Amino acid sequence: MSAVVGFDRRLRMEWLDALADQAAKGESVPAVRRYLHGYLAKDHPATTARGKTVTVLMRIWVHLPPEHLPIRREAFELLRSIRPADRIWLHWGMCVLAYPLFRDTAAAIGRLLKLHDEFTLAQLQRRLVDIWGDRSTVKRASQRIVRSMIDWGALADIDRSRRFRAAPQRTTASKPLQLWFLRACHTAAEAETLEARQLLSLPSAFPLKLTITKTDLRRCNHFALHRQGLDMEMVAANGRG
């Protein structure tokens with residue numbers, strides 16, 4: 001895989017919250033970048049290290065390709081109405097959308113947890129090598145992603161031997177938020193269509209408990225469902241959404 005690794009810094013949830021709030025104000029890109037440098041100055045006094053963290057953060061909520069801007073616009077609208085505890089749904093979706101390595105790491109973790117209820121960093125990295133190749137940058141980045149997930153409350157350390165388990169899943173009563181999250185994940189997937197049951201049980205969504213159903217997908221303007229075979233429904237993006 002030739003995709004850029006990108007997500008190679010440990011990120012805190014409060015940084016993502018601050019960035020999302022600032023970006024939602026509609027300020028210019030330079031203004032948001034200056035804000036982040038000031039916000040992170042205490043945690044990252046070294047300019048170079050701080051700049052690298054700012055770059056990773058900016059790609060999540062600011063530097064988006066044009067086709068992802070409608071998803072971010074809807075995320076900004078949700079920011080105004082959801083509980084603070086529900087913001088992880090937005091951050092997780094934006095990270096999946098921005099960084100293929102984050103998506104693949106989350107999916108690998110989800111599959112490992114389903115099999116064993118816990119995993120080691122070595123197990124995770126072996127799975128990522130199958131997708132990304134044996135790259136030192138991927139191994140380092142996977143460590144930073146795992147540490148970020150721990151900070152966000154998605155994972156927990158078991159002991160000092162680099163074993164991890166899932167933290168309790170987050171739930172939300174907001175169907176619009178859950179549907180937005182699936183829209184972000186569907187857009188990030190490298191397929192035009194996904195099987196409905198697959199979309200509703202994505203391994204990459206392991207820290208989040210989805211409660212919506214196929215009926216909710218059918219009612220969502222962003223999705224178009226069509227039957228394939230006797231009992232399979234495929235989900236595509238709806239151009240009218």
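**Figure 1. D157 and R147 pair across strand 2 and helix 8.** At 34% relative accessibility, D157 counts as partly exposed. This is a predicted model. The partner, R147, is also partly exposed, with a relative accessible area of 30%. Their side chains form a salt bridge, 3.2 Å from N to O. D157 belongs to strand 2 and R147 to helix 8, so the contact ties together parts that are ten residues apart in sequence.

**Figure 2. Three strands form an open sheet.** The strand order is 1-3-2, and the pairing is antiparallel. Strand 1 (118–120) and strand 2 (155–157) stand at the edges. Each has a single partner strand, so one side of each is left without a neighbour in the sheet. From one strand to the next, the twist averages 35°. Strands of a sheet pair through backbone hydrogen bonds, either parallel or antiparallel.

**Figure 3. Strand 2 meets strand 3, and two helices pack on the sheet.** Three bridges join strand 2 to strand 3 (residues 163–166), and the two run antiparallel. One residue to pick out is A156, whose bridge partner in strand 3 is R165. Helix 7 (residues 121–132) packs on the sheet and touches strand 1 and strand 3. The direction of helix 7 makes about 75° with that of strand 1. Helix 8 (residues 136–151) packs on the sheet too, touching strand 2 and strand 3. Its direction makes about 100° with that of strand 2.

**Figure 4. W92 sits in the largest nonpolar core.** This core has 80 residues. W61 and W92 have the most contacts inside it. Helix 5 (residues 87–98) supplies the largest share, nine residues. Which residues does W92 contact, leaving aside neighbours within four places in sequence? They are F102, A106, M149, W152, A154, F181, S204, F206, P207 and L208.

**Figure 5. C95 and C185 stay unbonded.** The structure holds zero disulfides. For C95, the nearest cysteine sulfur is that of C185, 11 Å away. Why is there no bond from C185 to C95? At 11 Å, the two sulfur atoms are too far apart for one; the cut-off is 2.5 Å. C95 is buried, with a relative accessible area of 0%. C185 counts as buried as well, at 4% relative accessibility.

**Figure 6. D43 and R12 link distant parts of the chain.** Their closest N and O atoms are 3.0 Å apart, in a salt bridge. D43 lies in the loop between helix 2 (29–40) and helix 3 (47–61). R12 lies in the segment before helix 1 (13–24). The two are 31 residues apart. D43 is partly exposed, at 35% relative accessibility. R12 is partly exposed at 32%.

**Figure 7. R197 pairs with E195.** The closest N and O atoms of this salt bridge are 3.3 Å apart. Are the partners buried or exposed? R197 is partly exposed, with a relative accessible area of 44%. E195, in contrast, counts as buried, at 11% relative accessibility. Elsewhere, D17, D21 and R87 form one network through salt bridges that share partners. The count for the structure comes to 13 salt bridges. Side chains of opposite charge can pair when their charged atoms come close.

Definitions and conventions:
Residues numbered from 1 in each chain as written. Predicted model: local features only at pLDDT ≥ 70, side-chain atom pairs only at ≥ 80, totals over all residues. Heavy atoms only, no water. Pairing = 2+ DSSP bridges. Helix = DSSP H or I, 4+ residues; strand = E, 2+ residues; numbered from the N terminus. Axes fitted to C-alpha atoms, helices over the stretch in contact; angles between N-to-C directions. Contact = heavy atoms within 4.5 Å. Core = buried A, V, L, I, M, F, W, Y, C linked by side-chain atoms within 4.5 Å. Buried < 20%, exposed > 50% of the residue type's maximum accessible area, 1.4 Å probe, protein only. Salt bridge = Lys/Arg side-chain N within 4 Å of Asp/Glu carboxyl O.
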